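Colleague: I would like a close look at one part of this model, the parallel sheet, and then at how the parts around it connect. Please take it strand by strand.

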Amino acid sequence: MSLILRVRFRALARRMLTTVRAFRCRKILTHGRDLHLGAGLRIWAPDRVILGNHVYIGKGVHIEANCQIGNYCLIANRVSIIGRHDHDFSAVGFPIRYAPWIGSKLVRSRYLTEKAVIEDDVWVGFGSIILTGVTIGRGSVVAAGSVISRDIPPYSIAGGVPARVIRKRFSDEATIERHESSIRNGRFHLSELGYDYCVIEPADLP
Ligand SMILES: CC(C)(COP(=O)(O)OP(=O)(O)OC[C@H]1O[C@@H](n2cnc3c(N)ncnc32)[C@H](O)[C@@H]1OP(=O)(O)O)[C@@H](O)C(=O)NCCC(=O)NCCS
């Protein structure tokens, strides 16, 4: 098989695998266009997982909680999104093994709709853990190996355990406005042939 055919076949296979992975969890998953779901992904939630347009989910990612991931987000390999209150440890009289569980069909957990929100244009670095109840503001970067237990303001670079804001991604509001205007007015399309084949045309910036 020629090189170009092999590359095209691999791209088609990637597309099909994303479709199959999304189909498997169709009861809880809603997603937009230009989605990539990596190998070894596990998606489960007591209620809903909502993915925007142009979301990339890497290999070995565990989404095991309600979450909402915005447009243009990049979730690196081995990231986990997990339920802060999966087992209701405040329930008196239950050993933790049998404490009220978020997935129970018999006992409705009061945390059933608790979720993690990742706004648009966020990069979550390798191996990070995100707990429900937090919002990662748009445009932010989460450093590799971080634990996100509190909200992260927009356009922050945050890292550590627990994660703290390290610095801002852009230095001022005017730059953020130019960045967002470019995303709004530019052309971006996924190609499963690889990054170098994607349509990546930021709008002309003033
Ligand atoms: C967060 C990140 C983007 C910062 O990169 P940078 O601009 O080069 O930042 P610096 O190296 O100047 O680090 C700034 C500070 O953050 C700290 N820092 C950087 N990465 C960190 C991490 N993963 N956890 C905790 N702190 C971190 C640095 O130690 C430094 O602290 P100091 O000022 O006290 O010395 C980068 O470190 C990172 O984690 N990228 C994600 C990589 C990844 O996940 N790749 C997978 C492929 S998708």
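Modeller: In strand S7, Ile69 is the bridge partner of Leu51. This is a predicted model, and that pair is a convenient place to enter the sheet. The strands S4 and S7 run parallel and are joined by three bridges. On the next step, Ile69 stands opposite Ile118 in S10, and S7 is joined to S10 by four bridges, again with the strands parallel. Ile118 in turn has Ile136 of S13 as its bridge partner; S10 and S13 pair in the parallel sense over two bridges.

These pairings belong to an open sheet of five strands, ordered S1-S4-S7-S10-S13, with parallel pairing. Its edge strands are S1 (29-31) and S13 (135-136), each of which pairs on one side only. As a general point, strands of a sheet pair through backbone hydrogen bonds, either parallel or antiparallel.

The sheet also leads into the packing. The largest nonpolar core has 33 residues, and those touching the most other members are Ile63, Cys67, Ile75, Ile118, Val124 and Val142. Among the elements that give two or more residues to this core are S4 (49-51), S7 (66-69) and S10 (115-118), together with S11 (123-124) and S14 (141-142). Ile118 is thus named twice, as a bridge partner of Ile136 and as one of the core residues with the most contacts to other members.

Val142 links to the other sheet. Leaving aside residues up to four places away in sequence, Val142 touches Trp123, Val124, Gly125, Ser128, Ile136, Ile148, Ala158, Gly159 and Ala163. Of these, Ile136 is the partner of Ile118 in S13, while Ala158 stands opposite Val165 in S17. Strand S16 (residues 156-159) and S17 pair in the antiparallel sense over four bridges. Both are in an open sheet of seven strands, in the order S2-S5-S8-S11-S14-S16-S17, where the pairing is mixed. S2 (36-37) and S17 (164-168) are at the edges with a single partner strand each, so one side of each has no neighbour in the sheet.

The ligand is the last piece. Residues surrounding the ligand include Gly125 and Gly159, which are also contacts of Val142. Others in that shell are Ala76, Phe126, Val141, Ala143, Ala144, Gly145, Ser146, Ile157, Gly160 and Ile166. By class, the shell has seven nonpolar and five polar residues, and no charged residues.

Terms used
Residues numbered from 1 in each chain as written. Predicted model: local features only at pLDDT ≥ 70, side-chain atom pairs only at ≥ 80, totals over all residues. Near = placed C-beta within 6 Å. Nonpolar A, V, L, I, M, F, W, Y, C, P; charged D, E, K, R; others polar. Core = buried A, V, L, I, M, F, W, Y, C linked by C-beta atoms within 7 Å. Buried ≥ 20, exposed ≤ 12 C-beta atoms within 10 Å, placed from the backbone. Contact = placed C-beta atoms within 7 Å. Pairing = 2+ DSSP bridges.
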